[in-house]
Amino acid sequence: MSELPIAKASATAPERNNVKKVSVWTLGMLLIVLAAATVFAAPPPVIRPGDPWLDNRGQQIQAHGGGILLWKGTYYWFGEDRTQSNDPEKRYVSCYSSKDLAHWKFRRQVLALSDPEHLGPHWILERPKVFHNPQTGKFVLYAHIDDGKYKFARVAVAVSDKVDGDYQYLKSYRPLEQESRDIGQFIDDDGTAYLIFESRPTKGFFIAKLSADYMSVEKTSFVQAPLEGGALVHFDGLYYVIGSHMTGWRPNPNVYATAPSISGPWTEMKDIAQPEANTYGSQSSMLVKVTGTKKTTVIYMGDIWKPKQLWDSRYFWMPLEMDGGAMHLPAPQPWSLNTKTGETALIP
Ligand code: GAL
């Protein structure tokens, strides 16, 4: 720009022509640059609930029953990796990273585990969640570990020094000495980490604060409702808990309750969408809170399971409508999110 001749009142006719030529040339270049920027710019961060969700390699994301960890400004998504070519003896957890929650980079399979508790060929490892312990610096992975009949009912614990490192299996245990199946993860605004776990004999689920080293838990709250897929969020002065009824892989109308404090008391359960919608075929996994400069958005993160083709199970993420103790999951529609401002827009 600085080389452009500056038109002066006293410029001669040829000088004026030159100025015109340069201006046309500049405008042309500007248009080309703008067109190129449009063509080569990263696609907008659009989330399409229910569609195949591809990673940076063009492969369907394998992070079922997953959890999200926000670590140093980057989101990490961990979940069950059900890739068809996986070794059938092993159970896998994959890790992806993203800045905008829409474009995901495959980091690696952070866990490829061979039946550590000798539970037999149908053993399961489900709903992995990774916590970062600020005191020890370790990343601690929790998952539901079980035999094929779901009788073992424990949590598995594996640790790594790196967020996407090789997680080393440490142990399994029954939190609070209770049977534990579906687990959930919650980090409060003050950084306190909680494990949510469903306990069938007590007909409800526990919210349990992780111990200082994250290797055990202590009781924080018990929600008297036989639900699984439990998830929790703190929004606008209230705690919201959601969960699904126990219908295995089949979807059902998921419900929520609120409490002024994490220890309760919890309200009655209410539907998160009209019951006929059956949670749009999905089951709750996590509530992700995006605190932006303009708005706080809570995302319902659910799974649309395909039990016969688990690798092709889909994800159902939608921003929740929340206000003064009410929570509503809208019907699926493509939407975009600005993780900086927290704003969302539905895409017609
Ligand atoms: C669901 C549970 C899944 C899986 C499935 C097996 O209820 O949420 O994680 O365990 O049952 O039937």
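Modeller: Before we start, one definition: strands here are DSSP runs of E with at least two residues, numbered from the N terminus. Keep in mind too that this is a predicted model.

Colleague: Good to know. So which strand does Tyr194 lie in?
Modeller: Look for the run that covers residues 193-199. Tyr194 sits within that run, and its name is strand 11.

Colleague: Is Tyr194 buried or exposed?
Modeller: Tyr194 has plenty of company: leaving out residues up to four places away in sequence, it touches Phe131, Gly184 and Ile262, among others. For the verdict we need the cut-off, which is under 20% relative accessible area for buried. Tyr194 comes in at 7%, so it counts as buried.

Colleague: How far apart in space are Tyr194 and Phe206, C-alpha to C-alpha?
Modeller: In sequence, these two are twelve residues apart. In space, the C-alpha to C-alpha distance between Tyr194 and Phe206 is 9.7 Å.

Colleague: Let's zoom out. How many strands does the chain have?
Modeller: The chain has 348 residues, and 51% of them count as buried. Its secondary structure holds one helix, and the strands come to 24.

Colleague: What share of the contacts with a separation of 6 or more joins residues 24 or more positions apart?
Modeller: Contact here means heavy atoms within 4.5 Å. Among the chain's contacts with a separation of 6 or more, the share from residues 24 or more positions apart is 48%.

Colleague: Now the ligand. Which class has four residues in the shell around the ligand?
Modeller: The residues around the ligand are Glu126, Arg127, Tyr150, Asp182, Glu228, Gly248, Trp249 and Gln283. Sorted by class, two are nonpolar and two are polar. The class with four residues is charged.

Colleague: How much of the ligand's own accessible area does the protein cover?
Modeller: Start with some polar atoms beside it: a polar side-chain atom of Glu126 lies 2.6 Å from a ligand oxygen, and one of Asp182 lies 2.5 Å from a ligand oxygen. Gly248 joins in through a backbone N or O atom, 3.1 Å from an oxygen of the ligand. On its own the ligand has 310 Å² of accessible area, and the part covered by the protein is 89%.

Colleague: Arg127 is in that shell. What is its phi near?
Modeller: Arg127 lies in strand 6, residues 124-132. At 3% relative accessibility, it counts as buried. Its phi is positive, although it isn't a glycine, with a value near 50°.

Colleague: Where is Tyr280 found?
Modeller: Tyr280 also has a positive phi without being a glycine, at about 55°. With a relative accessible area of 16%, it is buried. Its place is the loop between strand 17 and strand 18 (283-291).

Colleague: Which proline follows the cis peptide bond that starts at Gly264?
Modeller: The bond is cis, with omega near -5°. The proline is found in the loop between strand 16 (255-259) and strand 17 (270-271). It is Pro265.

Colleague: Which strand supplies the largest share of the largest nonpolar core?
Modeller: This core has 41 residues, and Ile68, Trp77, Leu101, Trp104, Trp317, Met327 and Leu329 touch the most other members. Several strands each supply at least two residues, including strand 3 (74-81), strand 14 (228-235) and strand 20 (314-319). The largest share is five residues, and it comes from strand 19.

Colleague: How many residues are in the second, separate core?
Modeller: Val110, Leu111, Phe139 and Ala158 are among its members. The count for this second core is 21.

Colleague: Which side chain makes a polar contact with the side chain of Asn86?
Modeller: Asn86 lies in the loop between strand 3 and strand 4 (90-98), and at 15% relative accessibility it counts as buried. A polar atom of its side chain lies 3.1 Å from the backbone oxygen of Asp81. The side-chain partner, at 3.3 Å, is Gln109.

Colleague: Last one: is Pro134 buried or exposed?
Modeller: Pro134 is found in the loop between strand 6 and strand 7 (139-146). Exposed needs over 50% relative accessible area. Pro134 is at 63%, so it counts as exposed.

How values were computed: Residues numbered from 1 in each chain as written. Predicted model: local features only at pLDDT ≥ 70, side-chain atom pairs only at ≥ 80, totals over all residues. Heavy atoms only, no water. Near = heavy atom within 4 Å. Polar contact = N/O pair within 3.5 Å; in protein donor to acceptor, adjacent residues only side chain to side chain. Areas by Shrake-Rupley, 256 points an atom, 1.4 Å probe, with all protein chains shown as cover. Nonpolar A, V, L, I, M, F, W, Y, C, P; charged D, E, K, R; others polar. Helix = DSSP H or I, 4+ residues; strand = E, 2+ residues; numbered from the N terminus. Buried < 20%, exposed > 50% of the residue type's maximum accessible area, 1.4 Å probe, protein only. Core = buried A, V, L, I, M, F, W, Y, C linked by side-chain atoms within 4.5 Å.
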